[in-house]
Amino acid sequence: MSVKILVIHGPNLNLLGKREPSVYGLQTLSEINSELETLAQKLDVELKIIQSNSEGGIVSFIHDNADWADGLIINPAAYTHTSVAIRDAISAVGLPAVEVHISNVFKREDFRHFSYISPVAVGVICGFGGNGYLLALQAIVKEVNKRKGGNF
Ligand code: DQA
């Protein structure tokens, strides 16, 4: 049975490609998503992908898909640094999570060094551009299979 993974892109990530290219690169969100879909097919993974500019939208998406999913990949974007609600939603559903950031947040302003999400994530990938999502997909699939007791 294939592994089922939620991919959640937070606020302003719909603007990737146009948004501060010196920080976030030129890759668009749809290019990142299609690379994710290609890798998912190879790994026999089903994805549900959303981008939302609203905190409540992200919380509801996590709730609504908790029974379907085995794990999640999230770039909470600016909500990383502000959202107790998204952190609580991840804790509440108990799904293993990988946090992704396109930029290396630790090279940037101090306010980006704190994450509400990291303490409830299995791990964090940052600074590898859009490739971070592909690394995250491999990591979450291994984590899910480990939890299911598979030999991966
Ligand atoms: C980001 C980093 C955040 O600090 C920022 O607010 C974003 C994007 C990243 O992917 O590098 O919107 O999560």
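## Close-up views of a predicted model

**View 1. One side of helix α2 faces inward.** The buried residues of α2 are Leu29, Ile32, Asn33, Leu36, Leu39 and Ala40, where buried means under 20% relative accessible area, exposed over 50% and partly exposed in between (1.4 Å probe, protein chains only). They sit on the same side of α2 because they cover an arc of only 125° around the axis, the arc being that of the directions from the helix axis to the C-beta atoms. On the other side of α2 you will find Ser30, Gln41 and Lys42 exposed. The cover over the buried residues of α2 includes β1 (3–9), β2 (45–51) and α5 (131–148). Helices (H or I, at least four residues) and strands (E, at least two) are DSSP runs, numbered from the N terminus.

A word on the model: it is predicted, so local features need pLDDT of at least 70 and side-chain atom pairs count only at pLDDT 80 or more, while totals for chains, interfaces and linings use all residues. Residues are numbered from 1 along each chain as its sequence is written, and side-chain values use heavy atoms, with hydrogens and water left out.

**View 2. Helix α2 from end to end, and the residue that follows.** Helix α2 (residues 29–43) has 15 residues and reaches 21 Å from its first C-alpha to its last, close to the 21 Å expected at 1.5 Å a residue; the expected span is 1.5 Å times one less than the number of residues. After α2 comes Asp44, in the loop between α2 and β2. Phi of Asp44 is near 60°, a positive value in a residue other than glycine.

**View 3. Helix α3 and its buried side.** Ile58, Val59, Phe61, Ile62 and Asn65 are the buried residues of α3. They lie on the same side of α3, because their arc around the axis is only 160°. These buried residues pack against β1, β2, β3 (71–75) and α4 (84–93). Take a look at Asn65, which lies in helix α3 (residues 55–65): at 8% relative accessibility, Asn65 counts as buried. Not counting residues up to four places away in sequence, Asn65 touches Leu6 and Lys48, contact meaning heavy atoms within 4.5 Å.

**View 4. Val144 in helix α5.** Val144 has 3% relative accessibility and therefore counts as buried. Leaving aside neighbours within four places in sequence, Val144 is in contact with Val3, Ile5, Asp70, Gly71 and Pro96. For a sense of scale, the C-alpha atoms of Val144 and Gln27, 117 residues apart along the chain, are separated by 28 Å.

**View 5. Asn12 in the loop between β1 and α1 (21–24).** Here is another positive phi in a residue other than glycine: that of Asn12 is near 75°. At 35% relative accessibility, Asn12 counts as partly exposed.

**View 6. The largest pocket.** About 160 Å³ of space lies in this pocket. Of the 15 residues that line the pocket, Arg19, Tyr24, Ala77, Ala78 and Arg112 are the closest to its centre. A pocket is an open set of points on a 1 Å grid over the protein atoms alone, where a 1.4 Å probe fits, with protein on both sides within 12 Å along at least five of seven lines; lining residues have an atom within 4 Å of a point. The lining divides into six nonpolar, six polar and three charged residues.

Technical notes: Points joined across faces, edges and corners; volume = space filled by probe spheres on them. Nonpolar A, V, L, I, M, F, W, Y, C, P; charged D, E, K, R; others polar.
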